[in-house]
Amino acid sequence: YGLIDQSLAASAKAGISVNPVYYANEGLLVVSVSVKAAVDGLFNVGAWLLENGIYGEQEDYHKVGDSSYNIHENCVRIDDSKYLGTWFGHTLGTLKAGDAATKTFVMKVKKDWKVENLHLAVFASYGERSDDKLVYTVCNAVDAPIDVPTPFQYK
């Protein structure tokens with residue numbers, strides 16, 4: 001197993017639910033994210049707003065008559081996931097197995113973004129001591145639409 005295979009084979013240490021509300025008139029996306037611990041521990045949460053279908057010419061790839069290489073998917077529009085060396089995500093603190101904590105993200109959607117192409121990548125990270133420092137690793141992540149709730153997922 002490689003590291004990615006090992007992480008995919010492990011049970012999720014937390015479930016994630018996402019409840020987004022998009023206010024078109026204000027251009028605001030308000031996302032309530034709940035993280036439910038499957039084990040006792042320290043948890044953080046982060047959210048990215050991604051857009052698909054963005055056109056951008058590639059200087060180093062040019063094919064006459066085929067512009068599909070200029071279309072980009074999963075482009076990060078907003079990264080709300082705070083990074084400080086050995087940990088990332090906004091702290092939720094210590095949770096007991098079965099307990100949940102919620103963080104609300106408020107994201108300003110620019111007028112030139114295509115709302116129908118937006119989606120969220122939301123992650124939970126779990127803190128463990130390693131060499132006398134606290135290190136967080138992602139223990140679950142979900143891809144969520146911006147217009148419908150996503151129930152708890154443990155993947």
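Which residue in S2 does Val 18 stand opposite? In this predicted model, the residue that Val 18 faces in S2 is Val 33, and the sections below set this pair within its strands and sheet before turning to a salt bridge.

## Two joined strands

Strand S1, which covers residues 14-23, and strand S2, which covers residues 28-37, run antiparallel and are joined by 10 bridges.

## The open sheet

Strands S1 and S2 belong to an open sheet of 4 strands, whose order is S8-S2-S1-S11 and whose pairing is antiparallel. At the edges of this sheet stand strand S8 (100-108) and strand S11 (150-153), and because each has a single partner strand, one side of each is left without a neighbour in the sheet. When direction is ignored, neighbouring strands of this sheet are turned against each other by 15° on average.

## A salt bridge between distant parts of the chain

The count of salt bridges in the model comes to 1, and the residues that form this salt bridge are Glu 51 and Arg 77, whose closest N and O atoms are 2.8 Å apart. The pair links distant parts of the chain, since Glu 51 lies in strand S3 (residues 41-51) and Arg 77 lies in strand S6 (residues 75-80), with the two positions 26 residues apart in numbering.

How buried or exposed are the two partners, Glu 51 and Arg 77? Glu 51 has a relative accessibility of 3%, and because buried means under 20%, Glu 51 counts as buried. Arg 77, by contrast, has a relative accessible area of 31% and is therefore partly exposed, as this value falls between the cut-offs of 20% and 50%.

How values were computed: Residues numbered from 1 in each chain as written. Predicted model: local features only at pLDDT ≥ 70, side-chain atom pairs only at ≥ 80, totals over all residues. Heavy atoms only, no water. Salt bridge = Lys/Arg side-chain N within 4 Å of Asp/Glu carboxyl O. Buried < 20%, exposed > 50% of the residue type's maximum accessible area, 1.4 Å probe, protein only. Pairing = 2+ DSSP bridges. Axes fitted to C-alpha atoms, helices over the stretch in contact; angles between N-to-C directions.
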